[in-house]
Amino acid sequence: MANVIIRPDWHLPESSITPINEYHNRRAFVKQLGLGAGIAGLSLADTLQAAAAPKLYPAKRNAKYNPKIVLTNKAWATGYNNFYEFTTSKEHVRFLVDKFKTNPWQVEVSGLCDKPFKFDALDMAKKLGLEERVYRFRCVEAWSMIVPWTGYTLSKLLKQAEPKASAKYVKFYTAMKPAEMPGLARLPQYPWPYTEGLRLDEAMHDLTFMATGIYGEPLPKQNGAPLRLVVPWKYGYKSIKSIVKIEFTDRQPKTLWNALAPREYPFESNVDPGVPHPRWSQASERLIGPNPVRIKTIKFNGYPQVAGLYK
Ligand SMILES: Nc1nc2c(c(=O)[nH]1)N[C@H]1C(S)=C(S)[C@@H](COP(=O)(O)O)O[C@H]1N2
Ligand SMILES: [Mo]
């Protein structure tokens with residue numbers, strides 16, 4: 001991002017890669033045997049989290065959001081991460097999340113609304129129910145993936161707060177726990193916590209999703225457990241992870257990346273192949289996986305239904 005150089009030679013060891021169909025078969029096999037963690041390669045924490053939500057996963061896939069595209073290999077989507085609170089090294093985030101406690105997890109919804117409230121992430125998932133959506137996901141660094149998210153629409157959550165007419169924006173905050181997030185201390189000049197924002201109409205759009213899971217399981221911590229935003233027509237940095245607070249405001253909120261480098265990370269940040277980043281082209285992207293391919297970037301990342309928001 002602002003001061004990160006993209007290495008052209010990134011890779012994961014061959015041994016850490018499991019094709020998705022093989023992965024599902026293996027899970028079914030493990031289930032049949034009634035066995036736990038080790039074999040499926042899940043950590044104890046993942047297993048406990050999965051056990052806490054037995055009926056939520058996998059959720060039924062929403063046919064409306066199911067592009068006819070091959071999913072990104074799961075090991076890549078959960079092993080190549082941007083989560084600067086832990087490290088700027090994408091391949092290493094997953095090895096640094098052990099101390100990060102994501103259950104129980106309280107989230108506050110407040111600001112310009114009539115019914116501010118607090119909720120536990122797992123309780124809300126049970127209350128609202130979950131669906132699965134396959135979305136394209138495009139990072140500003142010109143890599144992308146296609147993944148099945150589990151969750152609920154942000155609008156379902158926000159409506160419960162009854163936003164006031166004066167609310168024009170929504171601001172999101174990530175947890176800031178230095179004892180559990182080793183990357184915070186390594187970037188002391190960053191304006192933590194990680195924050196992001198949307199216009200209220202963007203936040204209320206049906207595509208705007210609160211993800212609690214990925215690949216039919218609760219979110220791994222490196223992907224933003226227990227609750228993260230997914231805004232598929234905007235660059236990935238808008239999709240803020242591990243959210244603890246959501247605030248209705250009347251002014252465009254300050255956000256971390258925009259504060260660090262406003263020219264490089266504008267507030268709106270819609271995916272647009274015609275508008276280059278000041279330091280690189282956005283015309284194409286690398287679809288990550290064991291056999292990465294370069295594909296053309298599409299306006300709004302292939303979600304033309306949002307165009308009306310920007311007339
Ligand atoms: N709190 C927080 N959220 C974040 C980030 C981060 O560093 N911290 N990185 C963003 C960026 S740049 C991207 S591309 C996505 C990556 O999500 P993934 O690791 O699930 O692919 O998370 C976004 N959300
Ligand atoms: Mo990103």
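Colleague: What does I246 touch, leaving out residues up to four places away in sequence?
Modeller: In this predicted model, I246 touches E108, V109, S110, L154, L157, L158, V170, K171, F172 and M210. Contact here means heavy atoms within 4.5 Å.

Colleague: And which residues touch the most other members of the largest nonpolar core?
Modeller: W149, L154 and I246, out of 86 residues. Strand β4 (residues 143-153) gives the most to this core, six residues. Such a core is a set of buried Ala, Val, Leu, Ile, Met, Phe, Trp, Tyr and Cys residues joined through side-chain atoms within 4.5 Å; buried is under 20% relative accessible area, exposed over 50%, partly exposed in between (1.4 Å probe, protein chains only). Strands are DSSP runs of E, at least two residues, and helices are runs of H or I, at least four, numbered from the N terminus.

Colleague: Switching topic: where are the cis peptide bonds to P58 and P226?
Modeller: One joins Y57 and P58, with omega about -10°, and P58 is in the loop between α3 (44-52) and α4 (74-77). Another joins A225 and P226, omega about -5°; P226 is in the loop between β8 (217-218) and β9 (228-230).

Colleague: Is F300 buried or exposed?
Modeller: F300 is buried, at 9% relative accessibility. Its phi is positive, near 55°, and N301 also has phi near 55°. N301 is buried too, at 0%.

Colleague: How do you number and filter things?
Modeller: Residues count from 1 along each chain as its sequence is written, with chains lettered from A and ligands numbered from 1 in the order written. Local features need pLDDT of at least 70, side-chain atom pairs 80 or more, while totals for chains, interfaces and linings use all residues, and side-chain values use heavy atoms, without hydrogens and water.
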